[in-house]
Amino acid sequence: MNIKKTVDVLGTKYKIVFHNRTEDAILSQADGYCDWSSKTIVICKDLDSNIGDIEYAYKKILRHELTHAILHESGLDVCTGETNAWALNEEMVDFLSIQGPKLYQI
């Protein structure tokens, strides 16, 4: 598996680590998470053994957690409950159009 150990998220370095479910209580409820306070993305390394393409699963989890990191580093995670359907909001469209090239580089 070829996943970097660090990634630049809009100018902020995030560590990417793999933990077992037994060593990380949060992973009992999720396959991964983004810890903004420590700038760490955690991916569960003991996923269900029935997954056919484990590398695809790891990359899918990583993309999901990177999206959380991107929204956080952009400041868009603050007060998102104040706007209905914020993913269709003009501010979100502006964010994607302005930050798009940086997102593709990540």
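This passage describes the fold, the nonpolar core and the surroundings of one strand residue in a predicted model.

The protein contains two helices and four strands, and these elements follow the pattern β-β-β-β-α-α when read along the sequence. Of the 106 residues in the protein, 27% are buried, and the accessible surface amounts to about 7,100 Å², with 52% of that surface belonging to carbon and sulfur atoms. Where contacts between residues at least 6 apart in sequence are considered, 51% join residues at least 24 apart.

The largest nonpolar core comprises 22 residues, among which V9, Y14, I16, I41, I43 and L62 touch the most other members. At least two residues of this core are supplied by each of β1 (6-9), β2 (12-19), β3 (32-35), β4 and α1 (54-73), and the largest share, eight residues, comes from α1. In soluble globular proteins, nonpolar side chains tend to be buried together. When neighbours within four places in sequence are set aside, V9 is in contact with Y14, L66, A69, I70, E73 and I106.

Strand β4 spans residues 40-44 and includes T40. With a relative accessibility of 8%, T40 counts as buried because this value lies under the 20% cut-off. The side chain of T40 is joined to that of S38 by a polar contact of 3.0 Å, while the contacts of T40 beyond its neighbours within four places in sequence are with Y14, K15, V17, Y33, C34 and D35. Y14 thus appears among the contacts of T40 as well as among those of V9.

Conventions:
Residues are numbered from 1 along each chain as its sequence is written. This is a predicted model: local features need pLDDT of at least 70, side-chain atom pairs count only at pLDDT 80 or more; totals for chains, interfaces and linings use all residues. Side-chain values use heavy atoms; hydrogens and water are left out. Buried means under 20% relative accessible area, exposed over 50%, partly exposed in between (1.4 Å probe, protein chains only). Contact means heavy atoms within 4.5 Å. Accessible areas come from the Shrake-Rupley method with a 1.4 Å probe; for residues, only the protein chains shown count as cover. A polar contact is a pair of N or O atoms within 3.5 Å; within protein, one must be able to donate a hydrogen and the other to accept it, and residues adjacent in sequence count only if both atoms are side-chain atoms. A nonpolar core is a set of buried Ala, Val, Leu, Ile, Met, Phe, Trp, Tyr and Cys residues joined through side-chain atoms within 4.5 Å.
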